[in-house]
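Grab a coffee and open the viewer. Below are some short exercises, each followed by a worked solution.

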Amino acid sequence: MNKNTFVVGFMLFAIFFGAGNLIFPPKLGFESGVGFWPAIIGFVATGVGLPLLGILVATRYEGGYKKALEDIHPWISILLLGAIYLTIGPFFAIPRTAATAFDMAVIPFIGGTDTVALFIFTLIYFGITLWVSLNPTKMVDRIGAILTPALLVAIIALVVRMASILLGGEHENTLDTMQNPLITGFIEGYQTMDVLASFAFSVVVMNAIRSKSDKSSSFIKQATLASIVAALALAFIYIAIGWIGNNMLLTAETLADVSAKGQNLGVFILNEATAQSFGELGRSLLGLIVTLACLTTAIGLVVATSSYFNSIFPAISYRNYAILFTLIGFGLANQGLNAVISKSVPVLLVLYPISMTAMLLLLVNLAMPLPKLAKGLPLVLVTIVSILSVMGSELVSGLPLKAQSMEWLPVAILGCIVGFIIAKVVPCKASCAK
């Protein structure tokens with residue numbers, strides 16, 4: 001690996017290292033108890049491994065996922081990418097950035113959730129978001145380029161300091177209530193939404209890699225090596241802050257108080273760890289960094305989502321899309337962080353199986369070209385099964401791997417095989433009849 005590989009690797013790391021994602025590993029770490037390692041491995045699989053695999057798959061298709069999905073069927077591309085953009089945009093990720101920033105930067109100093117304070121905070125937050133989104137400049141990218149290293153340094157300092165505190169203690173997390181930690185961690189990784197981001201921003205990421213890559217070396221090779229660098233860095237961060245959550249001493253009274261105040265457990269653990277490590281000044285500084293990082297993410301998502309829908313449905317202007325998506329984010333953020341997260345779960349349980357199926361099909365297609373029907377049919381079947389599973393329908397209760405929440409996988413495989421056979425048999429019958 002050369003210096004350029006690390007530069008590209010860090011760029012990939014910065015793209016997927018979102019401030020909003022920091023709240024999930026500590027919560028998972030605490031709740032997993034004695035099952036910490038399988039739980040965090042599952043989380044890393046979907047929070048790190050699959051997104052970077054998604055980018056590597058995209059690098060093999062000119063035009064990324066948008067063009068690859070259009071080749072299967074134009075409506076598959078529009079419906080899947082449209083749903084992804086709405087999810088990582090106004091309906092979940094954008095409001096989550098604001099709610100996370102409020103919980104990190106404001107709640108510790110007012111003692112609990114407050115609807116008026118949340119309203120004022122989000123009004124200012126989304127006012128800035130809309131203003132910059134309507135006048136996008138490179139300034140946001142430059143600020144983001146400063147904030148990511150600052151956030152990374154802050155998290156590493158927190159991990160080192162907390163390790164020195166916790167390793168000297170006698171607390172051991174003996175919780176043993178998680179029935180299947182590996183699968184639970186795997187599904188919790190959906191919350192990062194990074195697999196969806198790898199679909200939405202594949203072309204942007206590929207162009208960025210090309211601009212930074214060494215022209216004398218293979219693009220695929222550099223993207224692969226850079227992905228390994230980014231994966232190791234992301235895995236380290238998630239495992240480290242998950243370990244902090246697993247080793248934090250939280251009494252039943254503390255947990256009850258957090259719940260009563262409507263606070264998010266992951267945010268609470270991060271705040272408490274920072275206060276223990278660096279005092280109130282340190283907590284204030286981390287809150288400020290997270291807030292600014294969330295703000296730049298929200299601006300980027302409004303711009304990207306508005307640009308995508310304007311390109312698909314140009315009758316509505318970019319400006320109107322930006323206003324609409326900002327207002328939706330503002331309204332949803334005022335439900336509070338826990339509400340935003342809980343309402344995103346059913347949607348992610350539908351979208352993730354579809355996205356993973358598409359990724360796997362396009363991966364197989366690289367080694368063994370598949371007919372369009374062998375790619376389209378499994379996507380349709382997995383969509384139906386995922387929706388029925390979220391609805392709790394008895395029609396899918398007996399499917400293989402249902403207990404592991406992986407019932408979509410056998411369906412995808414079967415759909416691919418059936419689609420492949422039909423695509424081969426039907427043309428043969430047509431030619432034989434002539």
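**Exercise 1: Two odd backbones in a loop**

Take L401 in this predicted model and work out which exposure class it belongs to.

*Solution.* Start with the accessibility: L401 has a relative value of 38%. Buried needs under 20% and exposed needs over 50%, so L401 counts as partly exposed. Next, find its place: L401 sits in the loop between α18 (372–391) and α19 (408–433). Now check the backbone. Most residues other than glycine have a negative phi. L401 goes against that habit, with a positive phi near 70 degrees.

Then look for a second case. S405 is also not a glycine, and its phi is positive at about 60 degrees. S405 is found in the loop between α18 and α19. Its relative accessibility is 31%, so S405 counts as partly exposed.

**Exercise 2: Where the two domains meet**

Describe how domain 1 and domain 2 are placed and what their contact is made of.

*Solution.* Step one is the bounds: domain 1 covers 3–345 and domain 2 covers 370–433. Their C-alpha centres lie 32 Å apart. The contact takes 6 residues from domain 1 and 7 residues from domain 2.

Step two is the area. The size of an interface is often given as the accessible area lost when the parts come together. Here the area buried between domain 1 and domain 2 is about 620 Å², with carbon and sulfur atoms giving 73% of that. On the domain 1 side, D71, I72 and I183 supply 55% of the area buried against domain 2, more than any other three residues.

Step three is the polar bookkeeping. The count of salt bridges between domain 1 and domain 2 is 0. Polar contact across the interface comes to 1 residue pair, both at pLDDT 80 or more.

Step four is to ask which elements do the touching. On the side of domain 1 that touches domain 2, α4 (64–72) and α10 (181–188) are the elements that give two or more residues. The largest share, 3 residues, comes from α10. By type, the residues on that side of domain 1 divide into 5 nonpolar, no polar and 1 charged.

**Exercise 3: Salt bridges along a helix**

Find the salt-bridge partners of E70 and D71, and explain how each pair is spaced in helix α4.

*Solution.* A reminder before you start: side chains of opposite charge can pair when their charged atoms come close. The cut-off is 4 Å between the side-chain nitrogen and the carboxyl oxygen.

First pair: E70 and K66 meet in a salt bridge, with N to O at 3.0 Å. Because E70 and K66 are 4 residues apart in helix α4, they are separated by about one helical turn. For exposure, E70 is partly exposed at 30% relative accessibility, and K66 is partly exposed at 33%.

Second pair: the side chains of D71 and K67 meet in a salt bridge at 2.9 Å, N to O. D71 and K67 are also 4 residues apart in helix α4, so about one helical turn separates them. D71 is partly exposed with a relative accessible area of 34%, and K67 is partly exposed at 38%. You have met D71 already: it is one of the three residues that supply 55% of the area domain 1 buries against domain 2.

Now widen the search. The rule gives 7 salt bridges. One of them joins K261 and D257, whose closest N and O atoms are 3.3 Å apart. K261 is partly exposed at 30% relative accessibility, and D257 is partly exposed at 36%. There is a network to trace as well: E272, E280 and R283 are joined by salt bridges that share partners.

**Exercise 4: A leucine and its neighbours**

Is L196 buried or exposed, and which residues does it touch?

*Solution.* Locate it first: L196 lies in helix α11 (residues 194–200). Its relative accessibility is 0%, so L196 counts as buried. Setting aside residues up to four places away in sequence, L196 touches I84, T87, I88, L348, L351, Y352 and S355. Finish with the spacing to one of these neighbours: L196 and T87 are 109 residues apart along the chain, and their C-alpha atoms are separated by 8.4 Å.

Methods: Residues are numbered from 1 along each chain as its sequence is written. Side-chain values use heavy atoms; hydrogens and water are left out. Buried means under 20% relative accessible area, exposed over 50%, partly exposed in between (1.4 Å probe, protein chains only). Domain bounds come from an automatic or database domain assignment. Contact means heavy atoms within 4.5 Å. Buried area is the accessible area (1.4 Å probe) that two parts lose on being put together, summed over both. A polar contact is a pair of N or O atoms within 3.5 Å; within protein, one must be able to donate a hydrogen and the other to accept it, and residues adjacent in sequence count only if both atoms are side-chain atoms. Ala, Val, Leu, Ile, Met, Phe, Trp, Tyr, Cys and Pro count as nonpolar, Asp, Glu, Lys and Arg as charged, and the others, Gly among them, as polar.
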